[in-house]
Amino acid sequence: MNAHQSLYSILFLLSLSLSHQSVLRLPSDHRKSLGPARGRGEDDSLYCDSWRFSVETNDAGKWSTVPSRCADYVRDYVTGERYVSDSSVAADNALEFARAVGASSDGRDAWVFDIDETLLSNLPYYEEHGFGSEAFEETSFDDWVELAKAPALPASLPLYNELRQLNFTIFLLTGRSEHQRNATATNMLRAGYTGWEKLFLRGDSDQGKPATVYKSEKRSEIVSAGYTIQGSSGDQWSDLTGFATAVRSFKLPNPMYYIP
Ligand SMILES: *[C@@H]1O[C@H](CO)[C@@H](O)[C@H](O)[C@H]1NC(C)=O
Ligand SMILES: *[C@@H]1O[C@H](CO)[C@@H](O)[C@H](O)[C@H]1NC(C)=O
(Lines give C-alpha, C1' and ligand atoms only; values in the text may rest on other atoms or scores of the structure.)
(Ligands and ions follow the chains in the order given, each with its own letter.)
Protein backbone atom coordinates (compact mmCIF):
# COMPACT_ATOMS: atom_id res chain seq x y z
CA MET A 1 0.00 0.00 0.00
CA ASN A 2 1.54 3.33 -1.00
CA ALA A 3 0.94 6.65 0.71
CA HIS A 4 -1.85 7.54 -1.69
CA GLN A 5 -3.72 4.30 -1.11
CA SER A 6 -3.47 4.51 2.65
CA LEU A 7 -4.71 8.10 2.55
CA TYR A 8 -7.70 6.91 0.54
CA SER A 9 -8.30 4.07 3.00
CA ILE A 10 -8.36 6.52 5.88
CA LEU A 11 -10.69 8.86 4.01
CA PHE A 12 -12.91 5.92 3.12
CA LEU A 13 -13.15 4.73 6.74
CA LEU A 14 -13.79 8.31 7.83
CA SER A 15 -16.57 8.67 5.28
CA LEU A 16 -18.08 5.39 6.47
CA SER A 17 -18.21 6.60 10.05
CA LEU A 18 -19.60 9.97 8.93
CA SER A 19 -22.21 8.38 6.72
CA HIS A 20 -23.12 6.10 9.62
CA GLN A 21 -23.89 9.20 11.68
CA SER A 22 -25.95 10.69 8.90
CA VAL A 23 -27.92 7.43 8.62
CA LEU A 24 -28.79 7.79 12.30
CA ARG A 25 -29.92 11.35 11.69
CA LEU A 26 -31.80 10.45 8.52
CA PRO A 27 -35.46 10.44 9.66
CA SER A 28 -35.72 14.21 10.22
CA ASP A 29 -33.43 15.06 7.27
CA HIS A 30 -35.43 12.75 5.08
CA ARG A 31 -38.76 14.39 5.87
CA LYS A 32 -37.21 17.76 5.14
CA SER A 33 -35.89 16.57 1.78
CA LEU A 34 -39.35 15.47 0.68
CA GLY A 35 -40.80 18.94 1.18
CA PRO A 36 -41.47 21.34 -1.69
CA ALA A 37 -38.58 22.56 -3.80
CA ARG A 38 -36.54 25.21 -2.01
CA GLY A 39 -33.93 26.06 -4.59
CA ARG A 40 -30.98 23.86 -5.43
CA GLY A 41 -28.75 22.28 -2.89
CA GLU A 42 -27.94 19.12 -1.06
CA ASP A 43 -31.60 18.37 -0.39
CA ASP A 44 -32.32 18.38 -4.11
CA SER A 45 -29.39 16.10 -4.81
CA LEU A 46 -30.57 13.62 -2.17
CA TYR A 47 -34.18 13.87 -3.28
CA CYS A 48 -33.33 13.53 -6.98
CA ASP A 49 -31.17 10.46 -6.34
CA SER A 50 -34.19 8.89 -4.63
CA TRP A 51 -36.50 10.09 -7.39
CA ARG A 52 -34.26 8.45 -10.00
CA PHE A 53 -34.24 5.21 -7.99
CA SER A 54 -38.05 5.23 -7.88
CA VAL A 55 -38.17 5.78 -11.64
CA GLU A 56 -35.75 2.93 -12.37
CA THR A 57 -37.57 0.51 -10.08
CA ASN A 58 -40.91 1.68 -11.57
CA ASP A 59 -42.16 2.54 -8.07
CA ALA A 60 -42.87 5.97 -9.56
CA GLY A 61 -45.25 4.45 -12.14
CA LYS A 62 -46.38 6.83 -14.86
CA TRP A 63 -44.71 10.24 -14.87
CA SER A 64 -44.60 12.93 -17.52
CA THR A 65 -41.60 15.23 -17.10
CA VAL A 66 -38.56 15.39 -14.84
CA PRO A 67 -39.50 17.39 -11.70
CA SER A 68 -38.13 20.90 -12.13
CA ARG A 69 -35.95 20.61 -9.02
CA CYS A 70 -34.25 17.59 -10.65
CA ALA A 71 -33.62 19.13 -14.08
CA ASP A 72 -29.96 19.91 -13.36
CA TYR A 73 -29.50 16.61 -11.58
CA VAL A 74 -30.76 14.62 -14.58
CA ARG A 75 -28.62 16.67 -16.97
CA ASP A 76 -25.55 15.98 -14.85
CA TYR A 77 -26.43 12.29 -14.58
CA VAL A 78 -26.98 11.59 -18.28
CA THR A 79 -23.98 13.65 -19.40
CA GLY A 80 -21.70 12.27 -16.70
CA GLU A 81 -19.82 9.03 -16.26
CA ARG A 82 -22.45 7.56 -13.94
CA TYR A 83 -24.92 7.01 -16.80
CA VAL A 84 -22.26 5.30 -18.90
CA SER A 85 -21.25 3.18 -15.93
CA ASP A 86 -24.83 2.18 -15.05
CA SER A 87 -25.45 1.21 -18.69
CA SER A 88 -22.20 -0.78 -18.82
CA VAL A 89 -23.06 -2.77 -15.72
CA ALA A 90 -26.47 -3.60 -17.21
CA ALA A 91 -24.76 -4.70 -20.43
CA ASP A 92 -22.26 -6.81 -18.45
CA ASN A 93 -25.13 -8.47 -16.58
CA ALA A 94 -26.81 -9.25 -19.91
CA LEU A 95 -23.64 -10.68 -21.41
CA GLU A 96 -22.94 -12.82 -18.37
CA PHE A 97 -26.41 -14.33 -18.66
CA ALA A 98 -26.07 -14.77 -22.44
CA ARG A 99 -22.78 -16.63 -22.04
CA ALA A 100 -24.19 -18.83 -19.30
CA VAL A 101 -27.33 -19.79 -21.21
CA GLY A 102 -25.65 -19.95 -24.63
CA ALA A 103 -27.42 -20.01 -27.98
CA SER A 104 -28.09 -23.14 -29.97
CA SER A 105 -26.56 -23.41 -33.43
CA ASP A 106 -30.03 -23.64 -35.02
CA GLY A 107 -30.37 -19.87 -34.53
CA ARG A 108 -33.60 -20.19 -32.55
CA ASP A 109 -32.37 -18.36 -29.45
CA ALA A 110 -33.38 -14.74 -29.73
CA TRP A 111 -32.53 -11.45 -28.11
CA VAL A 112 -34.92 -8.51 -28.36
CA PHE A 113 -33.57 -4.98 -28.29
CA ASP A 114 -35.43 -1.74 -27.98
CA ILE A 115 -33.79 1.09 -29.96
CA ASP A 116 -34.12 4.57 -28.41
CA GLU A 117 -31.98 4.99 -25.29
CA THR A 118 -31.10 1.31 -25.63
CA LEU A 119 -29.08 0.80 -28.82
CA LEU A 120 -29.16 4.42 -29.96
CA SER A 121 -28.73 7.46 -27.75
CA ASN A 122 -30.83 10.56 -28.37
CA LEU A 123 -28.76 12.67 -25.99
CA PRO A 124 -27.84 15.17 -28.74
CA TYR A 125 -31.58 15.80 -29.13
CA TYR A 126 -32.38 15.93 -25.42
CA GLU A 127 -29.46 18.28 -24.84
CA GLU A 128 -31.43 20.82 -26.90
CA HIS A 129 -34.71 19.99 -25.12
CA GLY A 130 -34.00 20.16 -21.42
CA PHE A 131 -33.05 16.50 -20.84
CA GLY A 132 -36.64 15.51 -20.15
CA SER A 133 -37.59 18.55 -18.08
CA GLU A 134 -39.64 19.90 -21.02
CA ALA A 135 -42.83 18.31 -22.36
CA PHE A 136 -42.20 15.85 -25.21
CA GLU A 137 -42.49 17.50 -28.60
CA GLU A 138 -43.30 14.97 -31.28
CA THR A 139 -42.58 17.19 -34.30
CA SER A 140 -39.05 18.13 -33.33
CA PHE A 141 -38.28 14.58 -32.22
CA ASP A 142 -39.49 13.18 -35.55
CA ASP A 143 -37.27 15.70 -37.35
CA TRP A 144 -34.34 14.45 -35.28
CA VAL A 145 -35.19 10.80 -36.14
CA GLU A 146 -35.17 11.66 -39.86
CA LEU A 147 -31.61 12.97 -39.54
CA ALA A 148 -30.56 9.41 -38.58
CA LYS A 149 -27.70 10.86 -36.56
CA ALA A 150 -28.16 9.27 -33.14
CA PRO A 151 -24.93 7.70 -31.88
CA ALA A 152 -24.75 4.20 -30.42
CA LEU A 153 -25.23 3.97 -26.67
CA PRO A 154 -21.61 3.19 -25.76
CA ALA A 155 -22.32 0.08 -23.65
CA SER A 156 -24.76 -1.46 -26.10
CA LEU A 157 -22.76 -1.81 -29.31
CA PRO A 158 -20.22 -4.26 -27.83
CA LEU A 159 -23.06 -6.23 -26.19
CA TYR A 160 -24.95 -6.39 -29.48
CA ASN A 161 -21.86 -7.64 -31.32
CA GLU A 162 -21.04 -10.19 -28.63
CA LEU A 163 -24.59 -11.57 -28.76
CA ARG A 164 -24.28 -11.98 -32.52
CA GLN A 165 -20.97 -13.78 -32.04
CA LEU A 166 -22.72 -16.09 -29.58
CA ASN A 167 -25.31 -16.89 -32.30
CA PHE A 168 -28.28 -15.13 -30.76
CA THR A 169 -30.77 -13.97 -33.38
CA ILE A 170 -31.38 -10.26 -32.92
CA PHE A 171 -34.80 -8.64 -33.15
CA LEU A 172 -35.27 -4.88 -32.97
CA LEU A 173 -38.54 -3.77 -31.44
CA THR A 174 -39.17 -0.05 -31.37
CA GLY A 175 -42.10 2.25 -30.67
CA ARG A 176 -41.11 4.30 -33.70
CA SER A 177 -43.57 4.24 -36.59
CA GLU A 178 -43.42 2.30 -39.83
CA HIS A 179 -42.82 5.51 -41.83
CA GLN A 180 -39.56 5.89 -39.89
CA ARG A 181 -38.22 2.51 -41.06
CA ASN A 182 -35.66 3.81 -43.49
CA ALA A 183 -34.34 6.52 -41.16
CA THR A 184 -34.18 4.04 -38.30
CA ALA A 185 -32.35 1.34 -40.26
CA THR A 186 -30.02 3.95 -41.76
CA ASN A 187 -29.23 5.31 -38.31
CA MET A 188 -28.60 1.83 -36.91
CA LEU A 189 -26.17 1.00 -39.70
CA ARG A 190 -24.38 4.34 -39.31
CA ALA A 191 -24.03 3.74 -35.59
CA GLY A 192 -22.37 0.40 -36.35
CA TYR A 193 -25.19 -2.13 -35.86
CA THR A 194 -25.56 -4.82 -38.49
CA GLY A 195 -27.08 -8.25 -38.97
CA TRP A 196 -30.42 -7.98 -37.19
CA GLU A 197 -33.06 -10.50 -38.22
CA LYS A 198 -36.06 -8.18 -38.22
CA LEU A 199 -36.97 -4.61 -37.32
CA PHE A 200 -40.45 -4.16 -35.84
CA LEU A 201 -42.02 -0.69 -35.97
CA ARG A 202 -45.55 0.42 -35.12
CA GLY A 203 -47.84 -0.12 -38.10
CA ASP A 204 -51.23 1.56 -38.55
CA SER A 205 -52.98 -1.08 -36.44
CA ASP A 206 -50.47 -0.59 -33.61
CA GLN A 207 -51.01 3.14 -33.25
CA GLY A 208 -52.56 4.13 -29.95
CA LYS A 209 -51.74 0.84 -28.22
CA PRO A 210 -49.81 1.08 -24.96
CA ALA A 211 -46.18 0.15 -25.61
CA THR A 212 -46.48 -2.82 -23.25
CA VAL A 213 -49.28 -4.30 -25.38
CA TYR A 214 -47.71 -3.52 -28.75
CA LYS A 215 -44.34 -4.92 -27.70
CA SER A 216 -45.86 -8.02 -26.09
CA GLU A 217 -47.78 -8.75 -29.29
CA LYS A 218 -44.63 -8.48 -31.38
CA ARG A 219 -42.72 -10.73 -28.97
CA SER A 220 -45.58 -13.23 -29.30
CA GLU A 221 -45.04 -13.23 -33.05
CA ILE A 222 -41.37 -13.99 -32.48
CA VAL A 223 -42.27 -16.89 -30.15
CA SER A 224 -44.89 -18.18 -32.63
CA ALA A 225 -42.21 -18.21 -35.31
CA GLY A 226 -40.34 -20.75 -33.18
CA TYR A 227 -37.83 -18.63 -31.29
CA THR A 228 -37.02 -18.70 -27.60
CA ILE A 229 -36.57 -15.14 -26.38
CA GLN A 230 -33.70 -15.59 -23.98
CA GLY A 231 -32.99 -11.94 -23.31
CA SER A 232 -34.47 -8.54 -23.78
CA SER A 233 -32.86 -5.14 -23.28
CA GLY A 234 -34.72 -1.85 -22.95
CA ASP A 235 -34.69 1.45 -21.10
CA GLN A 236 -38.44 1.32 -20.37
CA TRP A 237 -40.37 -1.16 -18.26
CA SER A 238 -42.85 -1.27 -21.16
CA ASP A 239 -40.05 -2.77 -23.28
CA LEU A 240 -39.73 -5.68 -20.89
CA THR A 241 -43.05 -6.48 -19.21
CA GLY A 242 -46.41 -7.81 -20.42
CA PHE A 243 -46.61 -11.24 -22.06
CA ALA A 244 -44.21 -13.35 -24.15
CA THR A 245 -41.48 -11.86 -21.98
CA ALA A 246 -37.85 -12.89 -22.21
CA VAL A 247 -36.28 -15.43 -19.88
CA ARG A 248 -34.24 -12.50 -18.51
CA SER A 249 -34.94 -8.81 -19.01
CA PHE A 250 -32.34 -6.09 -18.66
CA LYS A 251 -33.38 -2.55 -17.75
CA LEU A 252 -31.14 0.24 -18.92
CA PRO A 253 -31.25 3.55 -17.10
CA ASN A 254 -33.40 6.42 -18.37
CA PRO A 255 -34.45 9.24 -16.06
CA MET A 256 -35.46 11.53 -18.98
CA TYR A 257 -38.83 10.11 -20.01
CA TYR A 258 -41.38 7.41 -19.32
CA ILE A 259 -43.32 5.43 -21.94
CA PRO A 260 -46.36 3.51 -20.66
C1 LIG B 1 -22.81 -20.39 -34.42
O2 LIG B 1 -23.50 -21.15 -35.36
C3 LIG B 1 -22.70 -21.65 -36.42
C4 LIG B 1 -23.58 -22.41 -37.35
O5 LIG B 1 -24.72 -21.68 -37.69
C6 LIG B 1 -21.60 -22.52 -35.85
O7 LIG B 1 -20.74 -22.90 -36.88
C8 LIG B 1 -20.81 -21.76 -34.79
O9 LIG B 1 -19.89 -22.62 -34.16
C10 LIG B 1 -21.74 -21.21 -33.73
N11 LIG B 1 -21.00 -20.38 -32.79
C12 LIG B 1 -21.15 -20.53 -31.46
C13 LIG B 1 -20.37 -19.58 -30.61
O14 LIG B 1 -21.91 -21.34 -30.95
C1 LIG C 1 -33.36 4.03 -47.58
O2 LIG C 1 -33.95 4.44 -48.82
C3 LIG C 1 -33.02 4.64 -49.87
C4 LIG C 1 -33.78 5.20 -51.05
O5 LIG C 1 -34.87 4.42 -51.38
C6 LIG C 1 -32.36 3.30 -50.17
O7 LIG C 1 -31.42 3.45 -51.21
C8 LIG C 1 -31.66 2.79 -48.94
O9 LIG C 1 -31.10 1.51 -49.17
C10 LIG C 1 -32.61 2.72 -47.75
N11 LIG C 1 -31.83 2.43 -46.55
C12 LIG C 1 -32.12 1.41 -45.75
C13 LIG C 1 -31.17 1.21 -44.61
O14 LIG C 1 -33.07 0.68 -45.89
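**Close-up 1. What sits over the buried residues of α3.** Helices α2 (42–56), α4 (81–101) and α5 (123–127) are among the elements covering the buried residues of α3. This is a predicted model, so keep that in mind for every view here. The buried residues of α3, which runs over residues 71–79, are Ala71, Tyr73, Val74, Tyr77 and Val78. They end up on the same side of the helix because they span an arc of only 160 degrees around its axis.

**Close-up 2. The two sides of helix α6.** Look along residues 138–147 and you'll find Ser140, Phe141, Trp144 and Val145 buried. Their arc around the axis is only 145 degrees, so they share one side of α6. Flip to the other side and Glu138, Thr139 and Asp143 are exposed. The cover over the buried residues includes α5, β2 (169–177) and α8 (181–190). Right after the helix comes Ala148, with a positive phi near 55 degrees.

**Close-up 3. α4 packed against α7.** Helix α7 takes in residues 156–165, and its axis lies 10 Å from that of α4, at an angle of about 5 degrees. That angle makes the two helices roughly parallel. On the α4 side, the contact is made by Ala91, Ala94, Leu95, Ala98 and Arg99, while α7 brings Leu159, Glu162 and Leu163. Sorted by class, that's 6 nonpolar residues, 2 charged ones and no polar ones.

**Close-up 4. A salt bridge within helix α2.** Asp49 pairs up with Arg52, with the closest N and O atoms 3.7 Å apart. Both residues belong to α2 and sit 3 residues apart, about one turn of the helix. Asp49 is partly exposed at 32% relative accessible area, whereas Arg52 counts as buried at 9%.

**Close-up 5. Salt bridges of Lys215 and Lys209.** Asp239 and Lys215 meet in a salt bridge, 2.7 Å from N to O. This one ties together distant parts of the chain: Asp239 is in the loop between β4 (228–234) and β5 (248–251), Lys215 is in helix α9 (residues 211–224), and 24 residues separate them. Asp239 is buried, at 6% relative accessible area, and Lys215 counts as buried too, at 3%. There's also a network here, in which salt bridges with shared partners join Asp206, Lys209, Glu217, Lys218 and Glu221. Within it, Glu217 and Lys209 form a salt bridge, their closest N and O atoms being 2.6 Å apart. Glu217 is partly exposed at 28%, and Lys209 is partly exposed at 25%. The full count comes to 15 salt bridges.

Terms used:
Residues are numbered from 1 along each chain as its sequence is written. Chains are lettered from A and ligands numbered from 1 in the order in which they are written. This is a predicted model: local features need pLDDT of at least 70, side-chain atom pairs count only at pLDDT 80 or more; totals for chains, interfaces and linings use all residues. Side-chain values use heavy atoms; hydrogens and water are left out. Buried means under 20% relative accessible area, exposed over 50%, partly exposed in between (1.4 Å probe, protein chains only). Helices (H or I, at least four residues) and strands (E, at least two) are DSSP runs, numbered from the N terminus. The arc is that of the directions from the helix axis to the C-beta atoms. Contact means heavy atoms within 4.5 Å. Axes are lines fitted to C-alpha atoms, for helices over the stretch in contact, and angles run from 0 to 180 degrees between N-to-C directions. Angles under 35 degrees count as roughly parallel, over 145 as roughly antiparallel, 65 to 115 as roughly perpendicular and the rest as oblique. Ala, Val, Leu, Ile, Met, Phe, Trp, Tyr, Cys and Pro count as nonpolar, Asp, Glu, Lys and Arg as charged, and the others, Gly among them, as polar. A salt bridge is a side-chain nitrogen of Lys or Arg within 4 Å of a carboxyl oxygen of Asp or Glu.
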